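Here's a quick walk through a protein model, from the core outwards. Have the sequence and the structure open as you read.

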Amino acid sequence: MVDDKKVNQVVDPGKGDVRGYELPLLLFAGFRTLIDRLHAELARQGHPDVRPAHGFAMQAVGAGGATASEVGRRLGVSKQAAGKTVDRLVALGYAERADDPADARRKLVRLTPRGLDALTRSAAIFDDLRADWAHTLGPERVRDMEDALRAVVPTDAFRLDAAGWLGGT
């Protein structure tokens with residue numbers, strides 16, 4: 001039987017059954033809910049053009065800057081895809097290209113004050129979103145959920161290549 005509410009999922013019609021496919025969907029829906037709320041608030045605070053892929057890319061650029069190749073490696077995308085995303089960040093005023101003082105042949109991508117502001121605001125908004133979850137679920141349940149996820153998620157899983165993994169930057 002196909003569940004009409006969850007496309008492409010074959011399910012057992014039993015009531016109350018725990019279905020394995022629901023865990024990744026719920027985790028993704030929680031992630032998507034947080035990201036959508038983040039971007040709505042960023043737009044309200046003066047950053048209406050920032051998209052999720054931009055946030056990953058700005059994290060990949062980092063405080064010290066990076067080349068487009070390094071951004072691509074950190075995101076798990078091609079140099080061309082990273083360059084396209086960097087071009088968009090530059091056009092929006094979130095990043096700039098500059099000569100690398102250590103190697104005149106290289107161009108660095110650096111975050112502008114606008115880019116740093118977007119990341120700073122994102123961090124504060126994520127704190128507020130976590131507080132909302134704690135208010136709804138209770139602080140202990142949120143801590144327990146975080147601890148449980150830390151127990152099953154490998155320590156090297158905190159990579160920035162989610163944008164590439166999800167289909168592009």
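## The core

This is a predicted model. Its largest nonpolar core has 24 residues, and V50, M58, V71, L75, L89 and Y94 have the most contacts inside it. Two or more residues come from each of α1, α2 (52–61), α3 (68–75), α4 (79–92), β2 (103–111) and α5. The top contributor is α2, which gives 5 residues. As a general point, nonpolar side chains in soluble globular proteins tend to be buried together.

## Around Y94

What does Y94 touch, once you leave aside its neighbours within four places in sequence? Its contacts include V50, M58 and L89, which are also listed with Y94 among the best-connected core residues. Y94 is in contact with H47, R110, L111, T112, R114, G115 and A118 as well.

## Where α5 meets α6

Helix α5 (residues 113–137) packs against helix α6 (residues 139–152) at an angle of about 115°, and their axes are 6 Å apart. On the α5 side you'll find R130, W133, A134 and L137; they meet P139, R141, V142, R143, M145 and E146 in α6. Sorted by class, that contact has 6 nonpolar and 4 charged residues, with no polar ones.

## A pair of rings on α1

The structure holds 1 aromatic pair. It's F28 with F31: the ring centres are 6.3 Å apart and the planes sit at 35°, so the pair counts as tilted. Both belong to helix α1 (residues 22–44), and because they are 3 residues apart, about one helical turn separates them.

Are these two rings tucked away? F28 is partly exposed, at 42% relative accessible area, and F31 is partly exposed too, at 34%.

Terms used
Residues are numbered from 1 along each chain as its sequence is written. This is a predicted model: local features need pLDDT of at least 70, side-chain atom pairs count only at pLDDT 80 or more; totals for chains, interfaces and linings use all residues. Side-chain values use heavy atoms; hydrogens and water are left out. Rings of Phe, Tyr and Trp (its six-membered ring) pair if their centres lie within 6.5 Å; planes under 30 degrees apart count as stacked, over 60 as edge-to-face and the rest as tilted. Helices (H or I, at least four residues) and strands (E, at least two) are DSSP runs, numbered from the N terminus. Buried means under 20% relative accessible area, exposed over 50%, partly exposed in between (1.4 Å probe, protein chains only). Axes are lines fitted to C-alpha atoms, for helices over the stretch in contact, and angles run from 0 to 180 degrees between N-to-C directions. Contact means heavy atoms within 4.5 Å. Ala, Val, Leu, Ile, Met, Phe, Trp, Tyr, Cys and Pro count as nonpolar, Asp, Glu, Lys and Arg as charged, and the others, Gly among them, as polar. A nonpolar core is a set of buried Ala, Val, Leu, Ile, Met, Phe, Trp, Tyr and Cys residues joined through side-chain atoms within 4.5 Å.
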